[in-house]
Structure formats: structure tokens, C-alpha cells
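Welcome, and thanks for taking a look at this one with us. Below is a short tour of the fold, its helix contacts and its charged pairs.

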Amino acid sequence: GSSPEPEEHSMEPPAVLEEEVPLTAASGPQGCQLFGYVGIEAVLEQMKIKTMKTGFEFNIMVVGQSGLGKSTMVNTLFKSKVSRKASQPGQEERIPKTVQLESITHVIEEKGVKMKLTVTDTPGFGDQINNENCWDPIIKYINEQYERYLREEILITRKRKIPDTRVHGCVYFIPPTGHWLRPLDLEFMRRLSKIVNVVPVIAKADTLTLEERAEFKQRIQEDLKTHAISVYPQEDFDQDPEDRALNGRIREEIPFAVVGADQEHQVNGKRVLGRKTKWGIIEVENPAHCEFPLLRDLLIRSHLQDLKDITHNVHYESYRVRRLNESNQ
């Protein structure tokens, strides 16, 4: 708590108070007094204050073909220019010959809470004629972050807080074809879902009608079930009936049909993010227009800490056990 300002001391004896104030009566703001209300819920306040001082770390990866709006979606998600294109405006964009990974780190602050956000983009994924093994650089990058964390963790004298560069969530952008999933999509999610939390989304969903969108989502869900691909939130990791009910409703809506936009428009006297067409404005944050609010709530409002916990307790733990077994052998 903050210490009071020093006062001038006099030689006169202190005056006797007529009424004794009990120690449990907190007259100031909670968490700023030495003697205040004593209760178990005070632990939550301590954790909140400590977490606000240390801040958060959140690492997200976006994967998909060029032109699906990955950078725009990330900027819309965090309402900041946290992602940028590889080339400068005015220069001709060239498709990379191989999958290249680009990471951008920003510190976002809101209401005194700081979050170190790292966005990893994957230019070149799925853009070639022959896309065989194009997921190898992505798998290698994810495992390298696990290895970096493991090396810091097994040191004799290690840091009080190990820098966390592990990928907590991977948003996979599915092209809005309206048909079934491509073999590339199935193979990528099958391999990556074993080492990272994969959240599939239908990119540029405004190119589909509502009927086409519903039918496409149903086909994707059938493909995922047929090929035994477990995307986030995984059914095996539901801890209690409340989580099972909430995650069950989320699984019914996956993949989210999303639309990204970085420009504001005037709608009924309000400034809203959206895409302007001849027929009207598609409001990004309107659940009646797209499912971007569901994706934002999943990644930030309701499941951000759960993404980090599953990454640490499940995916990283599996990697740690495998690496230590290899070292012992």
C-alpha cells in the first residue's frame, strides 16, 4: 500500500479517542491498507494486483493462404495495427518460394493491464503448386519455442519468470469455397492439433450466403469428425459440467464464419467497423452479420487463460516428456 506523507510531531501527549475503531473496518480502497477486511476472497484481489504488475503474455499464430485477410483479422481482433504486410505499399508482392514465418511483438495496455502480444504470420503457406510438407516449417517453429522454454526451465539457476514464446493458439483460415475441406486443410489440422490449440475459421464469410455458410460449416464439422481431428476447445479437456456445457455450445459453432475490417463507417449515427458494399455495410461486430464476436470472445474474453493453461499442461508437457525420455535413452 502507499505510505502516508510524514507529519510534524509535537511534544504534547496524543489525545484519547472517544470511540475505538476496530481493525477490520477498512475505510480506504481495498488492497491499500495493512489492516482491512479478512476473507478468502482477498486472495483474488492480491492475485489481480500482482498480475497487473507483471502483465500477460499471449502468442497467437495465423495460418492460411494469401488474400484471406489474416492481417486484417488480427488488427480487427485487437483493434490495433498489430499486424502488417511483409511488403511496403507500392511494391509488388511476391509469393515466397517457401513458408516463411514472421513474428511481430507489441505491448498493448488497457485500463492499467499490459499484455505482450506476439503475432506470427505464415506467408507462403498453401500458395504453391506443390504444397507437400508445407507445414514442416510451422511444426519446427512451434517445437523450437517449446525447446527454448524447456532449456530455460531445466537450468540450475533459472530466471524467476521464464520468457514465454510458446504458441498458445493457432487460427487456421479456411477458404470460403462452400465445398468440403481440402486435403491440405485436413492434413495440416491433423498434424498441428497434436501440438498446439487450433481454432479453424471460415475466412471472408461475406462471400457466402447464409444458407451456403450453414451448409459449409456442417460439412467441415463432418470432415473433422470423420478424420478424428480435435480442434480447440478439445472435448477431452473439459474439467466440469459447466465447462462442458459452455464448450459444447462453442463446438457447435466451429468453424466461426468471420469477416475482418479495419475501416469505420457511419451506421445510425454510430461509428462501426465494417465492409461497405453497394447493398449496405457488413458490420464486423454485429452477430447477425458474422461470427467475429464469437471468435473474439473465445480468444480474449473467456478462454485466453485456458489456451495458455492447455498449452503449458498438455502440449508443452507432452513435448517435455518426449524430450526427457530421449535424453535418458
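E187 and R191 make a good starting point: they form a salt bridge whose closest N and O atoms lie 2.7 Å apart. The model is a predicted one, and the pair belongs to a total of 16 salt bridges in the structure. From there, the briefing moves through other charged pairs, two helix contacts, an enclosed helix and a loop residue.

**The overall picture**

- The protein has eight helices and nine strands.
- It is 329 residues in length, and 39% of them count as buried.
- If you take the contacts between residues at least 6 apart in sequence, 66% join residues at least 24 apart.

**Salt bridges within a helix**

- Side chains of opposite charge can pair when their charged atoms come close.
- E187 and R191 both sit in helix α4 (residues 183-192), and because they are four residues apart there, about one helical turn separates them.
- R191 has a relative accessibility of 32%, so this residue counts as partly exposed.
- Helix α8 (residues 304-328) offers another pair: R323 forms a salt bridge with E326, with 3.5 Å between the closest N and O atoms.
- R323 and E326 are three residues apart in α8, which again means a separation of about one helical turn.
- R323 is partly exposed at a relative accessible area of 23%, and E326 is partly exposed too, at 45%.
- The R323 and E326 pair is also part of a network of salt bridges that links E147, R151, R323 and E326.

**A salt bridge between distant parts of the chain**

- R296 forms a salt bridge with E285, and their closest N and O atoms are 3.1 Å apart.
- This pair links distant parts of the chain, eleven residues apart: R296 lies in helix α7 (residues 292-302), while E285 lies in the loop between β9 (280-283) and α7.
- Both partners count as partly exposed, R296 at 22% relative accessibility and E285 at 31%.

**How α3 meets α4**

- Helix α3 (residues 136-153) and α4 have axes that come within 11 Å and cross at roughly 15 degrees.
- That angle is under 35 degrees, so α3 is roughly parallel to α4.
- The α3 and α4 crossing is right-handed.
- On the α3 side the contact involves I138, I139 and I142, and on the α4 side F188, R191 and L192.
- Five of the residues in this contact of α3 with α4 are nonpolar, none is polar and one is charged.
- R191 therefore appears twice in this briefing: it meets α3 as part of α4, and it forms the salt bridge with E187.

**The enclosed helix α2**

- How many of the nine residues of helix α2 (residues 70-78) are buried? Eight of them are, so α2 is largely enclosed by the rest of the structure.
- The buried residues of α2 are K70, S71, M73, V74, N75, T76, L77 and F78.
- These buried residues pack against the strands β1 (56-63), β2 (102-110), β3 (113-121), β4 (169-174) and β8 (270-277), and against helix α7.
- Just after α2 comes K79, which has a positive phi, near 50 degrees.

**How α2 meets α7**

- The α2 and α7 axes come within 10 Å and cross at roughly 70 degrees.
- This falls in the range of 65 to 115 degrees, so α2 and α7 are roughly perpendicular to each other.
- The crossing of α2 and α7 is right-handed.
- M73, T76, L77 and F78 of α2 make the contact with F292, L295, R296, L299 and I300 of α7.
- By class, the residues in the contact of α2 with α7 are seven nonpolar, one polar and one charged.
- R296 thus takes part in this helix contact and in the salt bridge with E285.

**A buried loop residue**

- Q234 is located in the loop between α5 (210-226) and α6 (241-253).
- Is Q234 buried or exposed? Q234 counts as buried, because its relative accessibility is 5%.
- Beyond its neighbours within four places in sequence, Q234 is in contact with N197, R251, I310 and H315.

Note on methods: Residues are numbered from 1 along each chain as its sequence is written. This is a predicted model: local features need pLDDT of at least 70, side-chain atom pairs count only at pLDDT 80 or more; totals for chains, interfaces and linings use all residues. Side-chain values use heavy atoms; hydrogens and water are left out. A salt bridge is a side-chain nitrogen of Lys or Arg within 4 Å of a carboxyl oxygen of Asp or Glu. Helices (H or I, at least four residues) and strands (E, at least two) are DSSP runs, numbered from the N terminus. Buried means under 20% relative accessible area, exposed over 50%, partly exposed in between (1.4 Å probe, protein chains only). Axes are lines fitted to C-alpha atoms, for helices over the stretch in contact, and angles run from 0 to 180 degrees between N-to-C directions. Angles under 35 degrees count as roughly parallel, over 145 as roughly antiparallel, 65 to 115 as roughly perpendicular and the rest as oblique. A crossing is left-handed if the near helix is turned anticlockwise from the far one by less than a right angle, and right-handed if clockwise. Contact means heavy atoms within 4.5 Å. Ala, Val, Leu, Ile, Met, Phe, Trp, Tyr, Cys and Pro count as nonpolar, Asp, Glu, Lys and Arg as charged, and the others, Gly among them, as polar.
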